[in-house]
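I opened this notebook to keep track of what I looked up, one topic at a time. Each entry begins with what I wanted to find out.

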Amino acid sequence: MTRATYQRIVLAARPRGQVKEENFRLESVSVPVPGAGQVLVRNQFLSLDPYMRGRMSDAKSYAPPQALDETMLGATAGEVVESNHPGFAAGDKVVGMLGWAEMGVADGATLRKVDTRKIALSAYLGVVGMPGMTAWYGLNHIMLPKAGETILVSAASGAVGSVVGQLAKLKGCRAVGIAGGPDKCAYVVDELGFDACVDYKAGKLDADLAVAAPAGIDALFENVGGACFDAALPLLNPFSRIALCGLIAGYSGGDVAIRNIRYLLTSRVSLRGFIVTEHPDLWPQGLGELGALVAEGKIKYRESVAPNLAAAPTAFIGLLSGKNFGKQLVSLAA
Ligand SMILES: NC(=O)c1ccc[n+]([C@@H]2O[C@H](COP(=O)([O-])OP(=O)(O)OC[C@H]3O[C@@H](n4cnc5c(N)ncnc54)[C@H](OP(=O)(O)O)[C@@H]3O)[C@@H](O)[C@H]2O)c1
């Protein structure tokens with residue numbers, strides 16, 4: 001008897017520079033049988049995140065590289081099909097790390113049951129998931145903003161940046177964003193409620209940023225590096241704080257050299273890099289607060305959803321060049 005199959009995407013080859021479609025391979029594999037303590041899940045959404053570019057490389061980093069010919073790693077949200085774990089039953093909605101795959105088996109201990117009555121399942125991969133938690137941690141534990149201060153965040157329309165600015169507004173700050181293109185900037189101001197957003201593609205980033213932050217910048221959430229980061233440094237106020245979250249401008253080999261480094265000294269800036277997964281103790285508090293704000297409509301979010309697993313590589317390549325508008329997901333619902 002032939003067992004049912006599902007599709008997955010594996011890492012076929014490590015990219016050099018820009019990621020290409022041929023770095024991935026779509027495969028059909030047999031649906032696994034869950035063992036003791038395990039749960040079989042049908043995934044409904046896959047999260048695509050910039051960190052995956054780092055894992056595709058075998059360069060030294062904070063996490064080991066993704067193995068070749070194995071399912072691409074990634075966060076998923078889906079529904080339990082069969083459970084051998086007392087904490088889960090068929091039909092439960094769960095979030096886990098089942099990777100770029102339509103189905104998968106996981107130890108129950110690695111899954112989180114989620115409540116979709118007031119929060120959509122997909123949001124647990126974005127604003128009420130790792131990206132939201134990243135924003136919450138960087139803002140509350142590194143940027144330490146006070147009411148009346150100005151905060152700046154790059155990649156402001158994205159999964160992390162959009163939450164940083166909205167949380168800062170709730171604290172009474174002036175929130176300024178940097179994003180690519182007039183549509184993203186309009187969304188950041190008109191929909192998300194930032195005070196200003198500068199289009200770094202418009203060609204006069206330094207001048208536009210100075211206008212958007214007339215009292216300087218007290219805390220910076222850096223997602224991009226390169227020209228965006230450099231433009232912010234001269235505007236930093238004395239004793240300002242930088243949460244260094246990402247350097248996406250350099251993930252495919254671009255230039256993230258810091259030319260204005262002297263302002264870190266002259267403005268006596270505190271800069272801290274961080275990896276959100278290193279703070280698991282804070283996740284229940286952070287996700288709890290974010291969930292409540294989303295359920296009350298106080299934090300908004302936007303999603304770009306690729307239609308199926310086969311479309312994931314194109315969507316991921318697009319994410320690395322700004323083609324996404326909001327949290328990039330892949331729909332795996334049949
Ligand atoms: N440290 C951590 O624990 C942690 C956790 C999660 C995410 N991150 C980092 O946070 C950043 C944002 O992640 P996200 O998930 O929220 O992604 P995202 O902002 O939803 O999507 C990525 C965005 O980056 C921007 N971008 C890409 N290439 C760029 C370039 N060369 N110059 C300027 N902007 C560029 C694009 O926006 P535009 O169209 O506006 O350019 C793109 O839409 C990434 O750097 C990521 O690695 C870090």
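The entries below go from the domains and the ligand to single residues.

**Entry 1: the model and its domains.** I note at the start that this is a predicted model. I looked up the domain assignment, and it gives domain 1 (5-126 + 302-331) and domain 2 (130-277). I then looked up the distance between the centres of domain 1 and domain 2, taken over C-alpha atoms, and found 28 Å. For the contacts between the two, I wrote down that 17 residues of domain 1 are in contact with 12 residues of domain 2.

**Entry 2: the ligand.** Where does the ligand lie with respect to domain 1 and domain 2? I found that both domains give residues to the shell around the ligand, so the ligand lies between them. There are 27 residues around the ligand, and those that come nearest are Lys 184, Tyr 200, Asn 223, Tyr 251 and Asn 324. When I sorted the shell by class, I had 18 nonpolar, eight polar and one charged residues.

I went on to the polar atoms. The side chain of Tyr 200 has an N or O atom 2.5 Å from an oxygen atom of the ligand, and the side chain of Tyr 251 has an N or O atom 2.7 Å from an oxygen atom of the ligand. With Cys 245 the backbone takes part, as one of its N or O atoms lies 2.9 Å from a nitrogen atom of the ligand. I then looked up the cover: on its own the ligand has 900 Å² of accessible area, and the protein covers 91% of this.

**Entry 3: helix α9.** Is helix α9 (residues 312-319) largely enclosed or open? I found that six of its eight residues are buried, so helix α9 is largely enclosed by the rest of the structure. The buried residues in α9 are Ala 312, Pro 313, Ala 315, Phe 316, Gly 318 and Leu 319. I also looked up what covers them, and the cover includes the strands β1 (5-11), β2 (24-30), β3 (38-47), β14 (303-306) and β15 (327-331), along with helix α1 (51-56).

**Entry 4: Gly 177 and Phe 194.** I put these two residues in one entry, since Gly 177 touches Phe 194. Gly 177 has its place in strand β9 (residues 174-179), whereas Phe 194 lies in the loop between α4 (182-190) and β10 (196-199). I noted a relative accessible area of 0% for Gly 177, which is therefore buried, and 3% relative accessibility for Phe 194, which also counts as buried.

Leaving out residues up to four places away in sequence, I found that Gly 177 touches Leu 152, Val 153, Ala 156, Ala 196, Cys 197 and Val 198 in addition to Phe 194. With the same kind of neighbours left out, Phe 194 touches, among others, Val 153, Ala 156, Gly 161, Gln 166, Ala 175 and Val 189. Ala 175 and Phe 194 are 19 residues apart along the chain, and I found 5.1 Å between their C-alpha atoms. For Gly 177 and Pro 280, which are 103 residues apart in sequence, the C-alpha to C-alpha distance is 28 Å.

**Entry 5: two acidic residues in loops.** Is Glu 149 buried or exposed? With a relative accessible area of 14%, Glu 149 is under the cut-off of 20% and so is buried. Glu 149 is found in the loop between α2 (130-143) and β8 (150-154). Apart from neighbours within four places in sequence, Glu 149 is in contact with Leu 144, Cys 173, Arg 174, Asp 218 and Arg 241.

I then turned to Asp 92, which has its place in the loop between β4 (76-83) and β5 (93-96). Its relative accessible area is 17%, so Asp 92 is buried. A polar atom of the Asp 92 side chain lies 2.8 Å from the backbone nitrogen of Ala 89. Beyond residues up to four places away in sequence, I found that Asp 92 touches Gly 78, Glu 79, Val 80, Gly 87 and Lys 113.

**Entry 6: positive phi values.** I reminded myself that most residues other than glycine have a negative phi. Asp 69 is not a glycine, yet its phi is positive, at about 65°. Arg 268 is likewise a residue other than glycine, with a positive phi near 50°. I placed Asp 69 in the loop between α1 and β4, and Arg 268 in the loop between α7 (262-266) and β13 (270-273). Asp 69 counts as partly exposed at 40% relative accessibility, and Arg 268 counts as partly exposed at 43%.

How values were computed. Residues are numbered from 1 along each chain as its sequence is written. This is a predicted model: local features need pLDDT of at least 70, side-chain atom pairs count only at pLDDT 80 or more; totals for chains, interfaces and linings use all residues. Side-chain values use heavy atoms; hydrogens and water are left out. Helices (H or I, at least four residues) and strands (E, at least two) are DSSP runs, numbered from the N terminus. Buried means under 20% relative accessible area, exposed over 50%, partly exposed in between (1.4 Å probe, protein chains only). Contact means heavy atoms within 4.5 Å. A residue is near a molecule or strand if one of its heavy atoms lies within 4 Å of it. A polar contact is a pair of N or O atoms within 3.5 Å; within protein, one must be able to donate a hydrogen and the other to accept it, and residues adjacent in sequence count only if both atoms are side-chain atoms. Accessible areas come from the Shrake-Rupley method with a 1.4 Å probe; for residues, only the protein chains shown count as cover. Ala, Val, Leu, Ile, Met, Phe, Trp, Tyr, Cys and Pro count as nonpolar, Asp, Glu, Lys and Arg as charged, and the others, Gly among them, as polar. Domain bounds come from an automatic or database domain assignment.
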